[in-house]
There are 2 protein chains.
Amino acid sequence: MKHVLAYITDHRDRFVHKLQRLCRQPSISAQGVGLVETAHLLVSQMEECGIPARLIPIPGGPPLVYSEVRGRSSRTLLFYNHYDVQPPEPLEEWESDPFSAEIRSGNLYARGAVDTKGNIVARMAAVEAWLRTEGELPCTVKFLVEGEEEIGSPHLPWIVREHRDLVQADACIWESGSKDHTDTLNIYLGVKGICYIELEAEGANRDLHSSMATIVPNPAWRLVWALSTFKDPGERIRIEGFYDRVVAPAPEELNQLRRIAESRDEEMLRRDLGIDAFLLDQHGLDLLVRHLYEPTCTICGLVSGYTGQGSKTVLPRWAMAKVDFRLVPNQDAEEVLGLIKAHLARYGFEDIKVRPLGIENPAKTPFDAEIVQVAVETAREVYQKEPFILPLMAATGPMHVLCTQFGTPAVGVGVGYAGANIHAPNENLRLRDFFEGIMHIALILERFGERYRSRAG
Amino acid sequence: MKHVLAYITDHRDRFVHKLQRLCRQPSISAQGVGLVETAHLLVSQMEECGIPARLIPIPGGPPLVYSEVRGRSSRTLLFYNHYDVQPPEPLEEWESDPFSAEIRSGNLYARGAVDTKGNIVARMAAVEAWLRTEGELPCTVKFLVEGEEEIGSPHLPWIVREHRDLVQADACIWESGSKDHTDTLNIYLGVKGICYIELEAEGANRDLHSSMATIVPNPAWRLVWALSTFKDPGERIRIEGFYDRVVAPAPEELNQLRRIAESRDEEMLRRDLGIDAFLLDQHGLDLLVRHLYEPTCTICGLVSGYTGQGSKTVLPRWAMAKVDFRLVPNQDAEEVLGLIKAHLARYGFEDIKVRPLGIENPAKTPFDAEIVQVAVETAREVYQKEPFILPLMAATGPMHVLCTQFGTPAVGVGVGYAGANIHAPNENLRLRDFFEGIMHIALILERFGERYRSRAG
C-alpha cells in the first residue's frame, strides 16, 4: 500500500495533465457535441493507465466506455461515471474558456472538471497506481462510463437489459461525492427518483380575441385548475396514494442527520438564495429531513398565450406545464405516473394530456452495507476527519436501474467541494481534493479486497 | 337628398382611389410605423373633400386628426375613428401585400381596409357629397381620428381632459359596424370594459436545480394557486364583490337578442373554432346573452421556468401571468382592480404583484336614444332589410371615456362584413358595403339634422 500511495504522489502532475486533456475535449450531451470523440479519448487514456477498455455501441446514443480489470479476487467493485457534461452556457460568466482547463491558484477550471471527469481520472489513477506498483488489483474493478447522464441516462435501462453481466458487481462507487462548506466529505448512500411529466391542454384551433372567452374554453384555465389540485398551498401533494410508500428516516439515519444539521450554516444558504425564509419556515433538522426525505411536486415550466411586453388580449389555443415529481424510497416512478393520470380523471381533467419525459426510481443503500463501512473508514484515514453519511441526496441519478434493482450497494464519494459550481459557470476542482480523491479510491480498493479475503478466509 | 345620393354614385371610383391611397400608407401603432405620415395624409385627404382639418399634437403619442364642419344647425354628430391599424403579421398568409390595397373580385384587400380606414373614407365621402351638392351639412359634424386605438387608446383620456370642448356632441357614430353572415347590418350600442393586469411572483434570486424545491418557495406554484382562486371550473369568478354591479339584460334587449339568436349559425361557428362544445355547453339565446352580458376573467398569457423541448429540472425564480377581465355595465374598472388586490390579500397572496396594463369602463347607449332610431330607420332604407341592434359588443373600446361619461349616445355602424378578417391576414372590404356605408352616413346626417329641426320647430 505504501508503494501505491508513493506512486500517486510521484505522478501527480501527470494525472493533472491527463485530466486537463480530458476536460479540453467538449462532450455536451444536451447539444450532441463531441461525445464520440470523448469516448475514444477516454478509451485511449484508460489504456495508457494499463486499463484495457472498449466501446459498447448504443443504438441511438453515444457509446458506453467499459472496462473490466481482474484482481486478486473475483470480488467486484463497479465504478459508475459519465463522460458527458452540462452545457457551459452562459459563456460570458466564465472567467476562462470552459474547455481550456486553466489552472489558477491550485484550482482547475473547466466544465466537467468535477462532474464527473475529475472523478473518472481519479479512479483511473488509483487503478494505475495499484497495477504499476503491486502488479495486480486487490479486487476486480469494472468501469462503466456513459455519455448521457446529463440528459437523464435514456439508454441505461437498455444497456442494463442487453449487457446484464457487465453491470453485475458486489458493490458500486457512485459517480461523485463532495466536501461541504466545513470541508467535511459527504458520502451519499442514495438518490431520489423522478417522474417528470409534460401536461398539455388545448382549446380552439387558433389563438382568438379574448372577447371570445365568454363562450370558448381556455386551455390556460384548464391547466391552472388541474395543477391546483396537485398540491395545496400547505405543500401537501393531493394525488391519491402518492405518499403510501414513503418511508420515514430510520433512527440511525436521524442520528447522522442531526450531526449534519448542527454543522450547517442555514443563514448563509438562505441569504445566498435571496429568500426571506425557507419553505414552511422550517429550520435545522426538520429542514434537512424535509430536504432529503420529502417527495416534491415542482412546476418547472409553464407557458401559454402572450408572454411579451405589455397587453395583448388573446384567448390562447394551447397551454403547457412541465412538472417534476422527486420521489423518495420506496415510491415507484411508474406507479406515480399512473396515480397522476387517475387523479386527473377523478377530478374531471381527462382533456389534459400527460406525457412522461423522465422516469427513474429512488434508490438507497442500507447503512450497514459493507461498502459503506469501507468508504467511511478509508475516508477517516485520508481526510483525517469523520465524514458525514447522507442517507439520500435530494437529486436524482440512475442508481436504481444500475444497482439497487440487483441488490448492489452503492456509495457516492468523490472530488467535489462546496465551491465547485457544478452545472454553473466556473466549475472548478481543487487539485488537493483531486489527489485526496485518488488516495481515497486506492484505499477503498485495498480494504474492499482485504475484507473479502479476511471474510472468505 | 337625391342630389347627394347621385353625387355619391357618380364619384364611386374616386372614393375607392382615396381609400386605396390611405390603405397604402402603413400606420401600425404597435410598431410605431408611419403614424405621423398617415395623420398628415389624412388631413390633406379631408381638405380635398372640403373638410377643414387639423392635427392636435399629443405629448408622447401620434397626433390626433380633428375637424369640425358647421352645418345648418349647431346640433352636432361626432365621428369617432382611428387611423392606426393592427400589425399585418403573419405576412406569409396574405395573398397580396397588406399595404398594396389590391382589388380582386370587387373586394379591396388591405390591413385597415375595414378597421377603420374604410369607415373614415366613407364618412368623409358622405360629408363631401353634402357639401358639394347642398353647399351645407344638415347638422354640425366633428371628426375625431386617433392613432392609438389598436394599442388601447392610452392618450384618449388626456385628450378628453385637455380638449373637452372638441369632443362635446349630441350623438356619436362609433368607429365601425358590420354585416353578419346573413348579410344583416349589426348596429352596436355598447362595448365591454376591461381591467387587464399582469401578475408577478418571485422566488429565489436565480433559477435553481429542482431538487431545492423541498425548501425553497416556487413562484410558479404561488401564481397557479393565486389564479385558481380567481375563477372556478364552473366559470364563476370568485373575487368578492365582482358581480355586484352587473345588470341583467332589459326585456327589450332580450327581444332583440332572441331575433339575433334565431338567425345565428352556431354550428358553423363551433366547427370553425374547432371546439367540441361551447363553454358550459350553452346554446341559442343563452349562449348569445352569455357572450354579451357576462364579464370574463381570462388568462391571456402565462410563463415560468423552462418551456423548451424535453425535460429540464429547474425551480423557477419568477412566474408571470397576464389576465384580462372584460367588464359589463355597470362595472367600474378601477373598482375591479381594487377588488382583485383585496382578494389576493384576503387569500394570503400579498407576495403577488399586480400591475394594471389597461383600464377601460364598459359603456352602453340606451335603446330609446334618438340616434339609435335614426341609425335603424336609415339602415332599413339603405340596406332594404331590418338591421339587428346589439345592445353590447363583446369587445372593448374607449366609448365610456369619449361619450358615455358625458351622456353622449353612441352607435356603431359601418362597412364591415362577416368575411372581413379584421385583425387577421387578408383583411378586406366589399366595395358594395363601402358604397352602402357612404349612403348610410349621408342619410344619417340628413335625418339627424331634420329631426332636430322638426323637434325644434
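In which helix of chain B is K117(B) found? K117(B) lies in helix α4 of chain B, residues 113-134, where helices (H or I, at least four residues) and strands (E, at least two) are DSSP runs numbered from the N terminus.

## Model and conventions

The model is a predicted one, in which local features need pLDDT of at least 70 and side-chain atom pairs count only at pLDDT 80 or more, while totals for chains, interfaces and linings use all residues. Residues are numbered from 1 along each chain as its sequence is written, and chains are lettered from A and ligands numbered from 1 in the order in which they are written.

## Surroundings of K117(B)

K117(B) is buried, because 33 other C-beta atoms lie within 10 Å; a residue is called buried with 20 or more other C-beta atoms within 10 Å of its own, exposed with 12 or fewer, and partly exposed in between, the C-beta atoms being placed from the backbone. Not counting residues up to four places away in sequence, K117(B) touches L19(B), L22(B), C23(B), Y83(B) and G112(B), contact being defined by C-beta atoms, placed from the backbone, that lie within 7 Å. L19(B) is 98 residues from K117(B) along the chain, yet their C-alpha atoms are separated by 7.0 Å.

## Relation of the two chains

A turn of 180° with a shift of 0.0 Å along the axis lays chain A on chain B with an RMSD of 0.1 Å, the superposition being by least squares on the C-alpha atoms of residues with pLDDT of at least 70 in both copies. The two copies are therefore related as by a two-fold rotation axis. The same surface serves both copies, in that 100% of the contact residues of chain A recur in chain B. Among the residues of chain A, V303(A) comes closest to the rotation axis, with its C-alpha at 2.2 Å.

## The eight-stranded sheet

An open sheet of eight strands, with antiparallel pairing, runs in the order β16(A)-β11(A)-β15(A)-β13(A)-β13(B)-β15(B)-β11(B)-β16(B), where two strands pair if DSSP finds at least two bridges between them. Strands β16 (353-360) of chain A and of chain B stand at the edges, each with a single partner strand, so one side of each is left without a neighbour in the sheet. The twist averages 20° from one strand to the next.

In chain B, β11 (residues 193-202) and β16(B) pair in the antiparallel sense over seven bridges, and E198(B) has R355(B) in β16(B) as its bridge partner. Helix α11 (residues 333-346) of chain B packs on the sheet, touching β11, β15 (318-327) and β16 of chain B, and its direction makes about 165° with that of β16(B); axes here are lines fitted to C-alpha atoms, for helices over the stretch in contact, and angles run from 0 to 180 degrees between N-to-C directions.

## Core and helices of chain A

The largest nonpolar core has 276 residues, and those with the most contacts inside it are A442(A) and A442(B); such a core is a set of buried Ala, Val, Leu, Ile, Met, Phe, Trp, Tyr and Cys residues joined through C-beta atoms within 7 Å. Leaving aside neighbours within four places in sequence, A442(A) has contacts that include V4(A), L5(A), I8(A) and W130(A).

Helix α9 (residues 266-273) of chain A is hardly covered, with zero buried residues among its eight, and is followed by G274(A), whose phi is positive, near 70°. In helix α10 (residues 284-293) of chain A, by contrast, L287(A), L288(A), H291(A), L292(A) and Y293(A) are buried, and the buried residues of α10(A) pack against α8 (251-263), α9 and β18 (388-390) of chain A.

How values were computed. Contact = placed C-beta atoms within 7 Å.
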